[in-house]
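Here are some exercises to work through with the model open beside you. Try each task on your own, then follow the solution step by step.

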Amino acid sequence: MKMSIETVGTENVVQEADVVSKLSKDYYWYSPILDKKLNNKKADYVIVPDSEETLKAALQLAVNEKIPVTIRGAGTGNYGQAVPMTGGVVVDLTKLNQIKEIGEGFARVQAGMRIRDLEKNVHITDQELTIYPSTFVKATIGGFVSGGSGGIGSVTWGNLWDGNVLEAKVLTMEETVQEKVVTGEELLTYIHSYGTTGIITEVTIPIKPKTRWVQEVISFAHFHEAFEFSKIIAESPRWKKRLVSIVEAPIPTFFRPLKKMMQNHEEHLILIEIAEEDHGQIVEQALNWNGKSIHTIGAEDYRKGIGISDFTWNHTTLWALKADKKWTYLQNFFSLEKGLAQMEQIKERFGDEILFHVEWLKDRGKLIPAGLPLIKYESKERLYEIIDFFNEIGASVNDPHTYLLGAGGWNLQLEAITKKKRENDPFDLLNQEKLPAYDAVKGI
Ligand code: FAD
């Protein structure tokens with residue numbers, strides 16, 4: 001089935017097989033399990049609307065002709081969120097990238113705007129974003145809201161569902177495509193919902209007064225000292241921070257640009273973004289934990305060239321994969337009080353099959369050492385043995401090896417999301433097969 005392309009203008013349609021194939025993929029290949037399942041999935045063609053009117057016309061046609069629609073930002077998601085499972089059309093929103101309004105404390109922008117461009121524009125007003133993913137150079141704000149969770153800034157401002165989205169303009173896939181403005185609790189049926197409940201065309205996010213951030217890398221001989229000191233930084237209300245990450249040795253040896261700053265290959269690192277006025281104190285206090293500053297990027301060079309965040313969040317996994325394709329990863333929440341003990345239990349059981357990478361973040365108001373551990377992949381069975389062990393000891397996993405919304409965890413409001421999908425997408429055209437029947441997810 002093919003929609004009458006002329007209606008949306010041939011200049012907005014991509015049909016070349018190799019480009020369509022490329023735009024049907026995201027970063028699912030981080031997971032050997034997803035790689036196997038999603039490798040051959042492909043849209044029939046891609047629409048890249050250059051205006052909201054064209055987008056609306058394309059969606060109306062898809063409804064009329066019952067064509068599956070998968071929305072795409074930059075396609076940097078890790079769980080195959082943007083992969084069309086049943087063909088149809090991928091709608092790439094990167095041309096809908098205009099600023100609508102930046103005021104004191106808020107920015108309202110089109111969903112396809114790249115996050116780096118957004119932060120640049122917000123900087124002009126002496127303000128900055130609260131949270132953003134480490135893929136900010138490519139990723140779109142609509143893609144982050146629909147498929148991401150948190151990132152740089154989350155140690156202070158929490159995740160997407162912690163007040164970091166104020167309003168969204170959404171198009172539905174009802175018989176006649178409707179536009180809705182969504183605020184408050186209802187936003188939770190769109191955030192991290194993989195575009196299964198509607199198409200976000202505009203997002204309003206909170207912004208904060210701009211800070212001069214210094215980037216710092218501190219090296220430690222012992223992981224527990226690195227972890228304890230990172231916890232002090234993350235917990236302390238005295239110090240203003242945007243990023244607090246810890247990586248266990250030998251992960252730092254995967255970071256080629258940082259490797260030359262290290263004295264040996266057994267160093268564990270903390271990577272931080274800290275307010276300029278607090279930087280001196282941090283470096284001084286690190287000495288009490290036998291931590292040594294090995295690399296500093298001054299505030300004047302913030303976001304010029306490669307930055308510290310390029311080694312954090314899921315960029316850590318990317319560096320590991322570049323070093324050895326056998327690595328994959330997990331996402332989990334360690335306990336604030338017993339995190340180190342949990343990690344010791346894991347080490348005892350699995351040894352160097354697992355390397356720890358922790359991002360400090362707030363989730364629903366609670367400070368959490370969130371794990372993005374590297375796993376040396378052996379088999380699906382072994383991976384789920386590891387996941388089961390993490391869950392057993394209370395280091396609960398948000399499984400990144402599934403494309404099914406809800407099966408991955410994150411404590412989503414699945415019942416409300418399912419209800420919203422039925423309301424907004426009665427013909428089940430949006431991102432088919434990503435939202436399993438609610439009852440199935442609950443195992444009923
Ligand atoms: P896409 O991948 O294009 O889309 C994501 C999902 O949202 C898909 O389901 C898509 O269908 C849907 N979607 C996209 N736009 C819309 C829209 N306007 N309306 C409705 N649905 C839409 N994630 C984090 O949260 N934090 C990180 O720090 C982080 N680091 C990463 C590092 C690396 C190296 C990689 C590869 C990934 C990382 N990710 C991270 C995952 C991903 O990069 C982010 O979530 C990013 O924000 C996704 O944006 P995108 O524009 O690429 O979205």
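**Exercise 1. The contact between the domains**

Work out how many residues of domain 1 are in contact with how many residues of domain 2 in this predicted model.

*Solution.* Start with the bounds: the domain assignment of the chain gives domain 1 as 1-210 + 406-444 and domain 2 as 213-392. Next, take contact to mean C-beta atoms, placed from the backbone, within 7 Å. With that cut-off, 17 residues of domain 1 touch 22 residues of domain 2. Now look at the domain 1 side: α2 (32-38) and α6 (154-157) each supply at least two of its residues. Of the elements there, α6 gives the most, with three residues. Sorted by class, this side of domain 1 has six nonpolar, 10 polar and one charged residues. Finally, step back to the domain centres, taken over C-alpha atoms: 29 Å separate them.

**Exercise 2. The shell around the ligand**

Find which element gives the most residues to the shell around the ligand, and describe the shell by class and by domain.

*Solution.* First collect the shell: 38 residues surround the ligand, and the closest are Gly73, Gly143, Gly147, Gly148 and Gly195. Then map the shell onto the elements. At least two residues come from each of β3 (69-72), α5 (141-147), β10 (199-209) and α10 (314-323). The top contributor is α5, with five residues. By class, the count is 14 nonpolar, 22 polar and two charged residues. As a last step, check the domains: domain 1 and domain 2 each provide at least three residues of the shell.

**Exercise 3. The nonpolar cores**

Identify which residues touch the most other members of the largest nonpolar core, and explain where this core lies with respect to the domains.

*Solution.* The largest nonpolar core holds 118 residues, and those touching the most other members are Leu59, Val69, Val89, Val91, Ile141 and Val203. Both domain 1 and domain 2 give residues to this core, so it lies between them. For background, nonpolar side chains tend to be buried together in soluble globular proteins. Now zoom in on Val89. Leaving aside neighbours within four places in sequence, Val89 is in contact with Ala43, Asp44, Tyr45, Val46, Ile47, Ala62, Ile67 and Val69. There is also a second, separate core of five residues, and its members include Tyr194, Leu405, Leu412 and Ile417.

**Exercise 4. An open sheet**

Determine the strand order of the open sheet of four strands and name its edge strands.

*Solution.* Reading across the sheet, the order is β1-β2-β4-β3, with mixed pairing. An edge strand pairs on one side only, which is the case for β1 (13-14) and β3. Take β1 as a worked pair: two bridges join β1 to β2 (residues 45-47), and the two strands run antiparallel. Within this pairing, Val13 stands opposite Ile47 in β2.

**Exercise 5. Around β19**

Trace which strands pair with β19, and find the residue of the β18 and β19 hairpin that takes a positive phi.

*Solution.* Begin with β16 (residues 332-333), which pairs with β19 (residues 366-371) in the antiparallel sense over two bridges. Here Phe333 has Ala370 of β19 as bridge partner. Move on to β18 (residues 357-363), which six bridges join to β19, again antiparallel. In that pairing, Asp363 has Lys366 of β19 as bridge partner. The hairpin of β18 and β19 has two residues between the strands, and Arg364 takes a positive phi near 50°.

Technical notes. Residues are numbered from 1 along each chain as its sequence is written. This is a predicted model: local features need pLDDT of at least 70, side-chain atom pairs count only at pLDDT 80 or more; totals for chains, interfaces and linings use all residues. A residue is near a molecule or strand if its C-beta atom, placed from the backbone, lies within 6 Å of it. Ala, Val, Leu, Ile, Met, Phe, Trp, Tyr, Cys and Pro count as nonpolar, Asp, Glu, Lys and Arg as charged, and the others, Gly among them, as polar. Domain bounds come from an automatic or database domain assignment. Two residues are in contact if their C-beta atoms, placed from the backbone, lie within 7 Å. A nonpolar core is a set of buried Ala, Val, Leu, Ile, Met, Phe, Trp, Tyr and Cys residues joined through C-beta atoms within 7 Å. A residue is buried if 20 or more other C-beta atoms lie within 10 Å of its own, exposed if 12 or fewer, and partly exposed in between; C-beta atoms are placed from the backbone. Two strands pair if DSSP finds at least two bridges between them.
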